[in-house]
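Student: I should like to go through this model by question and answer, from a single residue to helix packing and then to the pockets. May we begin?

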Amino acid sequence: MKKCIVVSDSFKGTLSSLDICAAARRVIPECFPGCEAVTIPVADGGEGTVDCFIEAMGASPVTVEVTGVLGTPVAARYARLGGLAVVEMAAAAGLPLAGSTRSPGRATTFGVGELIAHAVRAGCTTVLLGLGGSATNDGGCGCAAALGVRFTDAGGKSFVPVGATLDRIAHIDASAVRERLHGVRVIAMCDITNPMHGHSGAACIFAPQKGADEAAVRELDRQLRALDETFRRELNASVAMLPGAGAAGAFGAGCVALLGAELRRGIEVVLDVVGFDALLTDADLVITGEGRIDAQSTHGKVVGGVARRAHARGVPVFAIVGDVGDDAYGAYDVGVSAIFSINRLAVPRDEAKARSHIDYTHTLDDLLRCIRAAEQFKR
């Protein structure tokens, strides 16, 4: 084997994509001296996206003090490379920032807009906005307000809407943001296809993990329905059913309606930016993975995106993962050649997490030894 590409998602809460790439750079040359190990740390728009771009492309980290998810100032970081900015909404509006005070009805994305504004003032003309890990349910209105969108109530008073006050919006003036973002391409990255509202929408599916009880979920969903109607009336924007509209508390819908953004699968954007297709030209093998592979892995996730592209160019793809769901084997239909779990011992989850680094390393080593033996057998 002369060239192996490792492009894996993180194992959430266990192994980062950077950890996995470091292990691959160490193990691959041991089994295949002279093999080119190309490691690409990736994320699909959620936590870790900025770090991956900094590592993969040498982008510069930029730290800015912005409004936090509950109004308290926070230091948030984005990545900048020439005219490209990579903004991770979780840096300013992520669930961990809410701490024990989880309240999606009060949470705001205002700080995310401040990050984008900072990047635009610095001369960035393309903004990749990662949608994932949010504590919010404001439809991206806070972000839009920070960028100049003016929301007013029935009395003509301007305010910054949050998840609990979306139905107060009587008028939207987006002229200032159109001027500010003129010539700027905003691409919102997400890995889900949920609509803006309804039984599979932002509130019903994701608000419970943000601290909402059943009554709060119903109210948040009602608020998003009201926002949808306002988007239609004020902006002539029908965005509720766009795949990914429900991402990050319906931030996906707001990105399109309020910022004129494109809504794309995060992994597809990342693979384009890092030039993955060109790297595949003379590759012998691609190794990908994630913490759990299941039916969802083929729909907008890292494993599915990587496998489709590699398979189209005849490059085999091995997935090294944590857990393997019973419904995981549809991954073979999109180009995965084989699946390997790092769970080597029947131990409790906490113990398995503690030993995940060494288990990943050993699993990768075993896989490479198998390939090496197969090559020898062919001779």
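Student: Leaving aside its neighbours within four places in sequence, with which residues is D365 in contact?

Tutor: This is a predicted model, in which local features need pLDDT of at least 70, side-chain atom pairs count only at pLDDT 80 or more, and totals for chains, interfaces and linings use all residues. Residues are numbered from 1 along each chain as its sequence is written, and side-chain values use heavy atoms, with hydrogens and water left out. D365 belongs to helix α15, residues 356-378 (helices are DSSP runs of H or I with at least four residues, numbered from the N terminus). With contact taken as heavy atoms within 4.5 Å, the partners of D365 outside its neighbours within four places in sequence are V27 and C31.

Student: Is D365 buried or exposed?

Tutor: Buried means under 20% relative accessible area and exposed over 50%, with partly exposed in between, using a 1.4 Å probe and protein chains only. Because the relative accessible area of D365 is 15%, this residue is buried.

Student: How are α9 and α10 oriented to each other?

Tutor: Axes are lines fitted to C-alpha atoms over the stretch in contact, and angles run from 0 to 180 degrees between N-to-C directions. Helix α9 (residues 214-235) packs with α10 at an angle of about 5 degrees, the axes lying 11 Å apart. Angles under 35 degrees count as roughly parallel. Therefore α9 and α10 are roughly parallel.

Student: Which residues of α10 are met by α9?

Tutor: The contact of α9 with α10 divides into seven nonpolar, two polar and no charged residues (nonpolar: Ala, Val, Leu, Ile, Met, Phe, Trp, Tyr, Cys and Pro; charged: Asp, Glu, Lys and Arg; polar: the others, Gly among them). From α9 come L224, F231 and L235, and they meet G249, A250, A253, G254, A257 and L258 in α10.

Student: Which helix supplies the largest share of the lining of the largest pocket?

Tutor: The lining of the largest pocket has 31 residues, with K12, D191, I192, F206 and K301 nearest its centre. By class it holds eight nonpolar, 13 polar and 10 charged residues. Both α4 (95-98) and α10 (247-259) supply at least two residues each. The largest share, three residues, comes from α10.

Student: Which helix gives the most to the lining of the second largest pocket?

Tutor: Among the 16 residues lining the second largest pocket, G291, G322, D323, N343 and R349 lie nearest its centre. The lining divides into six nonpolar, five polar and five charged residues. With three residues, the helix that gives the most is α14.

Methods. 1 Å grid on protein atoms, 1.4 Å probe; cavity = no way out; pocket = protein on both sides within 12 Å on 5 of 7 lines; lining within 4 Å. Parallel < 35°, antiparallel > 145°, perpendicular 65-115°, else oblique.
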